[in-house]
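Please open the model in your viewer and keep the sequence panel beside it, since each stop on this tour begins with a selection.

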Amino acid sequence: MFDQEDGELNVVIGVLFGVIALVIALVVGLGTWKLRAADVPAPAAAAATAGEFADVAEVGEALVKFYFAVGEATLPPDASPDIATIVVALEGAPEKQVLLSGFHDETGGAAVNAEVSKNRALAVREALVEAGVPAERVLLRRPAVTLGGGDAAEARRVEVRVQ
């Protein structure tokens, strides 16, 4: 009779130690994961150096809008005055950055549109860097809404904000 109670007690103690071991492993694993996550650079900093999109909120109205032809990512020929406007705005506010948001219309597939939108923003970024703006001051943002109202031409744009 006592042997049966001892056996049941051993099972209960074994299960209890097993649960404790799992909790300890979970705590150690989460701690290690948090330490590794802390070593990852901030999204905006990574985006500024790698040319990837940053998760940055838009502030205020767009300073300049560049409009593109259907399926095109080449900067329009009349873009020079707008590039100069952006450079002057950045020179007047050395603590600010420029945020580029590329848009597209609804013609074509989603993957192609996303790539065209990205290439449009990269074309503006390249023009700004060529005009003397440091690359780390130019951030790219994925647009939340890809259409520009009812006008398809309005949807094929890059908005520039100095913030």
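Begin by selecting E154 and R157, whose side chains form a salt bridge with the closest N and O atoms 3.8 Å apart. Bear in mind throughout that this is a predicted model. R157 counts as buried, because its relative accessibility is 6%. Staying on R157, add F103 to the selection, and you will find the charged end of the arginine over the ring of F103, 3.9 Å from the ring centre.

Next, select E159 and R161, which are joined by another salt bridge, here with the closest N and O atoms 2.9 Å apart. Both partners are buried, E159 at 7% relative accessibility and R161 at 8%.

Now move to R141 and E58, whose side chains meet in a salt bridge at 3.4 Å, N to O. R141 belongs to strand β4, whereas E58 lies in the loop between β1 (53–54) and β2 (64–67), so the pair ties together parts that are 83 residues apart in sequence. Are the two ends of this bridge buried or exposed? R141 is buried, with a relative accessible area of 16%, while E58 is partly exposed, with 30%. If you then select E58, K65, R141, E154, R157, E159 and R161 together, you will have in view a set of residues linked in a network of salt bridges; the count for the structure comes to 7 salt bridges.

For the next stop, select helix α4, residues 110–130, where a length of 21 residues at 1.5 Å a residue should span 30 Å, and the end C-alpha atoms are indeed 30 Å apart. Its buried residues include N113, V116, K118, A123 and L128. Within α4, pick out R120, which counts as buried because its relative accessibility is 1%. Leaving aside residues up to four places away in sequence, R120 touches F68, A69, V70, G71, E72, A73, F103, H104, R156 and V158; F103 is the residue whose ring lies under the charged end of R157. Just after α4, select G132, which takes a positive phi of about 110 degrees.

Finish at R137, in the loop between α4 and β4 (138–141), a residue that counts as buried at 16% relative accessibility. A polar atom of the R137 side chain lies 3.2 Å from the backbone oxygen of L90. Other residues that R137 touches include A93, K96, Q97 and V98, and P94, 43 residues away along the chain, has its C-alpha atom 9.3 Å from that of R137.

Note on methods:
Residues numbered from 1 in each chain as written. Predicted model: local features only at pLDDT ≥ 70, side-chain atom pairs only at ≥ 80, totals over all residues. Heavy atoms only, no water. Lys NZ or Arg CZ within 6 Å of the ring centre and 35° of its normal. Helix = DSSP H or I, 4+ residues; strand = E, 2+ residues; numbered from the N terminus. Expected span 1.5 Å × (residues − 1). Buried < 20%, exposed > 50% of the residue type's maximum accessible area, 1.4 Å probe, protein only. Contact = heavy atoms within 4.5 Å. Polar contact = N/O pair within 3.5 Å; in protein donor to acceptor, adjacent residues only side chain to side chain. Salt bridge = Lys/Arg side-chain N within 4 Å of Asp/Glu carboxyl O.
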